[in-house]
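Got a minute to go through this one at the bench? Here it is, followed by some questions and answers.

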Amino acid sequence: MNNNLIYAANIQDFSATAIPLSATSGTIALDYAAGHYQTITTSAPVSLTFSNFPAAGFFGVLRLAINITNVSHTLTLPASVSRGLSGIQGISPGISGVSNTITFGAIGYYQFQFTSSDGGTTITLFDLNRALT
């Protein structure tokens, strides 16, 4: 659709493709253009990078489902994830513009949503299944 505006649309039964990422540890790139719902199963600590968020002036949403298979596996976010950090369980140091690491108190599935309206320069974090501290 080449960034053409669609308005007054009624959409029913909308879905997004789930993209299982093959990488399970180390630095893992989340490519917005690959799909809006991506999954990771950890085998060690993970650090995220982001690419291809929509250009400034457009709003992009990327959801990550991560299966933490060992509580020693952490999730480190790039400094561009600088909004929505306050109250995220297990985040250290939780300071805007700093590479932040999330620890997990239990193994299991966690979902996070990342949004940006400036091409990924500034990214907002939402923890979708745990209450804020």
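**Walking through the fold**

This is a predicted model, and along the sequence the protein reads β-β-β-β-β-β-β-β-β-β-β.

Q: How does the radius of gyration of the protein sit against the globule rule?
A: For 133 residues the globule rule gives 14 Å. The protein is close to that, so it counts as being as compact as a globular protein of that length. Its radius of gyration is 15 Å.

Q: How many helices and how many strands does the protein have?
A: The pattern along the sequence is written with β throughout. The count agrees: zero helices and eleven strands.

Q: Which side chains of strand β3 are buried?
A: In a regular strand, side chains alternate between the two faces of the sheet. Strand β3 (residues 37-41) does just that, with Y37, T39 and T41 pointing to one face and not buried. Pointing to the other face, and buried, are Q38 and I40.

Q: Which residue in β3 is the bridge partner of P20?
A: Strand β1 (residues 18-20) runs parallel to β3, and three bridges join them. P20 belongs to that pairing, and its partner in β3 is T39.

Q: And which residue in β5 is the bridge partner of T41?
A: β3 also pairs with strand β5 (residues 60-68), in the parallel sense, over five bridges. For T41, the partner in β5 is N67.

Q: What percentage of contacts between residues at least 6 apart in sequence join residues at least 24 apart?
A: Contact here means heavy atoms within 4.5 Å. Among the contacts between residues at least 6 apart, the share joining residues at least 24 apart is 56%.

How values were computed
Residues are numbered from 1 along each chain as its sequence is written. This is a predicted model: local features need pLDDT of at least 70, side-chain atom pairs count only at pLDDT 80 or more; totals for chains, interfaces and linings use all residues. Side-chain values use heavy atoms; hydrogens and water are left out. Buried means under 20% relative accessible area, exposed over 50%, partly exposed in between (1.4 Å probe, protein chains only). Helices (H or I, at least four residues) and strands (E, at least two) are DSSP runs, numbered from the N terminus. Two strands pair if DSSP finds at least two bridges between them. The radius of gyration is taken over C-alpha atoms; the globule rule is 2.2 Å times the number of residues to the power 0.38.
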